[in-house]
Amino acid sequence: MTWNEHFKQSFLTKTEVRMVTAAALCLLAGQWVPHLQTMTAAISAVMAAQDSRALTLRAGITRLTVTAVGGALGIGVILLEILSSSPALALLLGTAGLLLTVFGCKLAKAPAFQARIGALNFILVTMTLPGTELRLQYALFRLVSTLFGVLAVFLVTAIWQAIEKSRKKEPATVR
């Protein structure tokens, strides 16, 4: 590949620009929205960005689903750990919860990669702020922040495509 061809392929696509715009919107919102996990929201915007509104919506719903599965099972494990202070039981619950998270994501027809995202969410929920009930609050705001990121990228995609559509309908003017 020549340098010129490589340079032409290096330009950002419209989807990548929308993805970055939505992630920036999440980071900006984090300055004003209390408890918004800006990193979670921005990652969700990046992961859900697709070429169209329909694909973005589908990717966003999948992202929310795997986050909810991992988070809900994580909350269940946290509650069981609070009731029992046995480290051995905590290890067993964590392993079983992780396995159930992957299984639950697959039952929800999430692609394998997204099931892994659900598993990562389970790990984050159960291991962030260990030994405190604040993990429950963390799990809730993680889901809300994921929703925010998905909505941000969907909104950016919808606005972008509406602008493109209106530009195509405008008649050419003769000068």
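## Exercises on core and pocket

**Exercise 1.** In this predicted model, which residues does Cys 26 touch, leaving out those up to four places away in sequence?

*Solution.* Take contact as heavy atoms within 4.5 Å. Cys 26 then touches Leu 36, Thr 38, Ala 41, Ala 42 and Ala 45. The list is completed by Phe 148, Gly 149 and Ala 152.

**Exercise 2.** Find which residues have the most contacts inside the largest nonpolar core, and which elements give two or more residues to this core.

*Solution.* Step one: the core has 15 residues, and those with the most contacts inside it are Ala 22, Cys 26, Ala 45, Ala 48 and Val 153. Step two: α2, α3 and α7 each give two or more residues. Step three: set aside a second, separate core of six residues, which includes Val 66, Val 69, Ala 115 and Ile 117.

**Exercise 3.** Which residues of helix α3 (residues 38-48) are buried, and against which elements do they pack?

*Solution.* Apply the cut-off for buried, under 20% relative accessible area. Thr 40, Ala 41, Ala 42, Ser 44, Ala 45 and Ala 48 are buried. These buried residues pack against α2 (14-29), α4 (53-83) and α7 (134-169).

**Exercise 4.** Describe the largest pocket by volume, lining and class of residue.

*Solution.* The volume is about 380 Å³. The pocket is lined by 20 residues, of which Glu 81, Ala 90, Gly 94, Thr 126 and Met 127 are the closest to its centre. At least two lining residues come from each of α4, α5 (87-107) and α6 (112-127), and α5 gives the most, with six. By class, the lining has nine nonpolar, eight polar and three charged residues.

Technical notes. Residues are numbered from 1 along each chain as its sequence is written. This is a predicted model: local features need pLDDT of at least 70, side-chain atom pairs count only at pLDDT 80 or more; totals for chains, interfaces and linings use all residues. Side-chain values use heavy atoms; hydrogens and water are left out. Buried means under 20% relative accessible area, exposed over 50%, partly exposed in between (1.4 Å probe, protein chains only). Helices (H or I, at least four residues) and strands (E, at least two) are DSSP runs, numbered from the N terminus. A nonpolar core is a set of buried Ala, Val, Leu, Ile, Met, Phe, Trp, Tyr and Cys residues joined through side-chain atoms within 4.5 Å. On a 1 Å grid over the protein atoms alone, a cavity is a set of points where a 1.4 Å probe fits but cannot get out, and a pocket is an open set with protein on both sides within 12 Å along at least five of seven lines; lining residues have an atom within 4 Å of a point. Grid points are joined across faces, edges and corners, and a volume is the space filled by probe spheres set on the points. Ala, Val, Leu, Ile, Met, Phe, Trp, Tyr, Cys and Pro count as nonpolar, Asp, Glu, Lys and Arg as charged, and the others, Gly among them, as polar.
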